[in-house]
Amino acid sequence: MNPTKLLLCFGSSLILVGCQPMRSSHMEPQTVYRDYGSIPPAAADQPDPNWLDHDRDRPLPPVITPATPSNQDQAGTAPSDATVLFDGKDLSQWVSVDGSPTKWITRDGYMECVKGSGYVRSLQNFGDCQLHVEWATPAPGQGEGQGRGNSGVFLGLDRYEVQVLDSFESKTYADGSAGAIYGQYPPLVNASRPPGQWQTYDIIYTAPRFDAEGKLLSPTRLTVFHNGVLIQNNVRLTGPTSWLERAPYRAHPEKQPISLQDHGNPVRFRNLWVSELGKPGKKEFTLSKALLDGYSGKYDNILVTREGGQLSAKVGGVKFLLFAESPTRFFAKTTDVQIEFPSSDPTKVDRLVWSVGEGAGVAMKTK
Ligand code: MG
């Protein structure tokens, strides 16, 4: 029997129904297009053109153990595939911004800001991610407005702040209150708990993208849940968050550390974890400038230079920006160049091991 087509008209809408006789009792019925003036979606309109609808070859998502929730007395646990940044024990995943040991303290399962000690940042860098943070401001509440339990969660190192503040029955300007994208977007609601109580942020971060010339291709986007309530819905940042000015974007590598602010108040944090989104890749770390300076120098025909917080290497006359995948191993992203320093002790850095294409070797430090 041939397939039949029925044209059904309802007002100005056209519904095209393709009918295929059932070939066996377990078959799915033929796709039915309900067409309101357009053609059926082309392959390019599929969510992912690499896969058919209900493609049986499409990989299933990885199975993980989900997070367990916290309560006021006890921190929960991270999902099994997350990177745990702080589990209540130690600050091994955190350093000062310059890479030196931090003076923040840990006590009774939380970490606490020590006034004047500066921001803490993660050793590891993260691009697009889901970040879970729990925080508590001092109790009883002390100070007013921006001076009351102020800290902050920064993505992109120190560029994009989700404000941490005691905003429970305490007033300040809207774009500086708890959950604000500081100076840009007030939270949709004030979901604050009283000072001293544990509160949660679940943050979805989309890093900005820049082209090779440093031109902005797409802005930073942030979604934030505060104590489970949506307070920032995929907002597009105008640039880095800042006080008193509208700062412009400046190009930076996609993956950067996560930082917590020292604003002079002893704000506490616990149960910090992050899940990277997007394509899996190598881990990346931001190393101290002192360590990078120790690696800088001329190694036979390879020149290694520190540029800000990163190394570059001139190999075969071409300069490559290097990314650290460990304290001693580096890689480039444009070409498969790898460089390893056998020692991270500045007094013993006398060579490097390089590889690119079919070549590999050891280069000795000449100056
Ligand atoms: Mg702040």
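Let me begin with the sheet of eight strands, which is open and runs in the order β18-β19-β20-β21-β22-β23-β24-β25, with antiparallel pairing. Its edges are formed by β18, residues 297-299, and β25, residues 359-364; each has a single partner strand, so one side of each is left without a neighbour in the sheet. From one strand to the next, the twist averages 25°. I should state at this point that the model is predicted.

Within this sheet, consider β22, residues 329-331, and β23, residues 337-340. These two strands are joined by three bridges in the antiparallel sense. Arg 329 has Glu 340 of β23 standing opposite.

I turn now to the second sheet. Here five strands, again in an open arrangement with antiparallel pairing, follow the order β4-β7-β16-β9-β10. Strands β4 (94-96) and β10 (160-164) are the edge strands, pairing on one side only. Strand β9, residues 151-155, is antiparallel to β10, and five bridges connect them. One residue pair to locate on the model is Val 153 with its bridge partner in β10, Val 162.

Finally, one residue of this sheet deserves a closer look: Ser 122, which belongs to β7, residues 120-122. Is Ser 122 buried or exposed? The count of other C-beta atoms within 10 Å is 23, and the threshold for burial is 20 or more, so Ser 122 is buried. Beyond its neighbours within four places in sequence, Ser 122 is in contact with Leu 85, Gln 93, Trp 94, Pro 257 and Ile 258. Val 97 lies 25 residues away from Ser 122 along the chain, with a C-alpha separation of 8.7 Å.

Note on methods: Residues numbered from 1 in each chain as written. Predicted model: local features only at pLDDT ≥ 70, side-chain atom pairs only at ≥ 80, totals over all residues. Pairing = 2+ DSSP bridges. Helix = DSSP H or I, 4+ residues; strand = E, 2+ residues; numbered from the N terminus. Axes fitted to C-alpha atoms, helices over the stretch in contact; angles between N-to-C directions. Buried ≥ 20, exposed ≤ 12 C-beta atoms within 10 Å, placed from the backbone. Contact = placed C-beta atoms within 7 Å.
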